[in-house]
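Please go through how the labels used for this model are earned. Set each value against its definition.

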Amino acid sequence: MTTRHPLLLDLAGRRVVVVGGGPVAARRTRGVLADGADVHVVAPALCEDLTDLAAAGAVTWHAREYAPGDLADAWLVHTATGERRTDDAVAAEAEAARTWCVRADDAAASTAWTPAVARAGDVTVAVGAGGDPRRAVALRSALQVQLDTGALPLRRRRPGAGHVTLVGGGPGDPGLITTRGRRALAEADVVVVDRLAPRALLDELEPDVEVVEAGKAPHAHTLTQSEINVLLVERARAGQRVVRLKGGDPFVLGRGGEELAACRAAGVAVEVVPGVTSAIAVPGAADIPVTHRDVARQVTIVSAHDADTDWQTLARLRGTLVLLMGVGRLAEHMACLASHGLDAATPVAVVEDGTLPTQRTTLGTLADIAARAQEVGVRNPAVVVVGAVAALGPALRGEGDTPAVARPRSAAPPRSAGEQPAAPGAARVSTRS
């Protein structure tokens, strides 16, 4: 087969003519519209898709049959009328005008071909497969998955504009980060990582990607929030792609809003990649639905280490109460809820290391959960679930309705691969070797 020359075209603002008004013409039209082309459609009638585009002003519709001269000033032509004679005439005019023409009816008679395209950010991969479109689509789909999941080397090699991406890493299991989050990591020059982020993903980074520890533990902050904000801005201004990798979701008790505001105020490009919040996912991993028909129709998420928590209001709320960062003062919190009227028999579950191999659930009630947690050595990170749903786990697993208390454990296993507790005075910046 004759070798074809692959080329990427800048169609922004340039005239592209599509001859034909059916579904094939509509697909071609949407393709060039996505690339910013000035699209003119020549057809006596349009399918529904093209009618909507014309009504919205996205394309210019010439409501008639094709006529010589319609291709004047066109940079690219698509013909998809389904009538051989018309397509031949369009192709002949394009040839005479030295304009590339893509024919839907006869690929062998075309002077240009539309590839199957996979995109990831500013990366574009176009696939041609010897005139076999299904083969090209299959290859494109396989490549798209690898691009989306960061399995291919996406990191930029030439200097460019800096950028910050706030990535929610999910509740702990590295497999629960979004594909967009994994792709951002594959593109990163610098990763600023939290203590509870899925740190096993750091092992997949290229050796010269800089990893900056920004973990926060009680009374042990590697970097202050102000220092993190400055770091993100400085590195992006230096032309680096910076990923701020957090546990859970950046905007659920993760200070992502502060980091977004700092980047925007500094004029730095910033993107937010949402994550699976531990407030919902960790109870789910323990078979505890935070809402359940006829049991709970609302859920309230609270940062339990805040001194000004309004326990009186929380005690009156219906539904499920989820406490994050609340293990250290569990007894105090349960006593506060009880003192403000919450029934002492209310079920409570504490889920440690949610979604990780070391996950463990301790069940009890408002009256006794603190004692049970102390007995088995509950520790952070853990999510506390207060409400009727906390007792559903055993029943949903088919184990009956009796709460079970986990056995004590003698040693604290590591949270995830490579993670160690943050310590005061630890080095603030480290580069993996």
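Q: What makes the sheet of S15, S16, S19, S17 and S18 an open one, and which strands are its edges?
A: The 5 strands stand in the order S15-S16-S19-S17-S18, with mixed pairing. Strand S15 (299–303) and strand S18 (360–365) each pair on one side only, and these are the edge strands. From one strand to the next the twist averages 20°. The model is a predicted one, in which local features need pLDDT of at least 70 and side-chain atom pairs count only at pLDDT 80 or more, while totals for chains, interfaces and linings use all residues. Residues are numbered from 1 along each chain as its sequence is written, and side-chain values use heavy atoms, with hydrogens and water left out.

Q: How do you know that S15 and S16 pair?
A: Pairing requires at least two bridges found by DSSP between two strands. S15 and strand S16 (residues 320–324) are joined by 5 bridges and run parallel, so the pair meets the rule. Ile301 stands opposite Val322 in S16.

Q: Why is Met325 called partly exposed?
A: Buried means under 20% relative accessible area and exposed means over 50%, with partly exposed in between (1.4 Å probe, protein chains only). Met325 has 39% relative accessibility, so it counts as partly exposed. Its place is in the loop between S16 and helix H10 (330–339).

Q: What makes the contact of Arg183 with Asp148 a salt bridge?
A: The rule asks for a side-chain nitrogen of Lys or Arg within 4 Å of a carboxyl oxygen of Asp or Glu. The closest N and O atoms of Arg183 and Asp148 are 3.6 Å apart, which fits. Arg183 lies in helix H5 (residues 179–187) and Asp148 in helix H4 (residues 133–148), so the pair ties together parts that are 35 residues apart in sequence. By this rule the count comes to 29 salt bridges.

Q: Is Arg183 buried or exposed, and why?
A: Arg183 has a relative accessible area of 12%, so it is buried. Asp148, its partner, has 23% and is therefore partly exposed.

Q: What makes Arg397 and Asp287 a salt bridge, and why does the pair tie together parts of the chain?
A: Their side chains meet at 3.2 Å, N to O. Arg397 is in the loop between helix H12 (392–396) and strand S20 (429–431), and Asp287 is in the loop between helix H8 (278–285) and S15, so the parts tied together are 110 residues apart in sequence. Arg397, at 38% relative accessibility, counts as partly exposed.

Key. Helix = DSSP H or I, 4+ residues; strand = E, 2+ residues; numbered from the N terminus. Axes fitted to C-alpha atoms, helices over the stretch in contact; angles between N-to-C directions.
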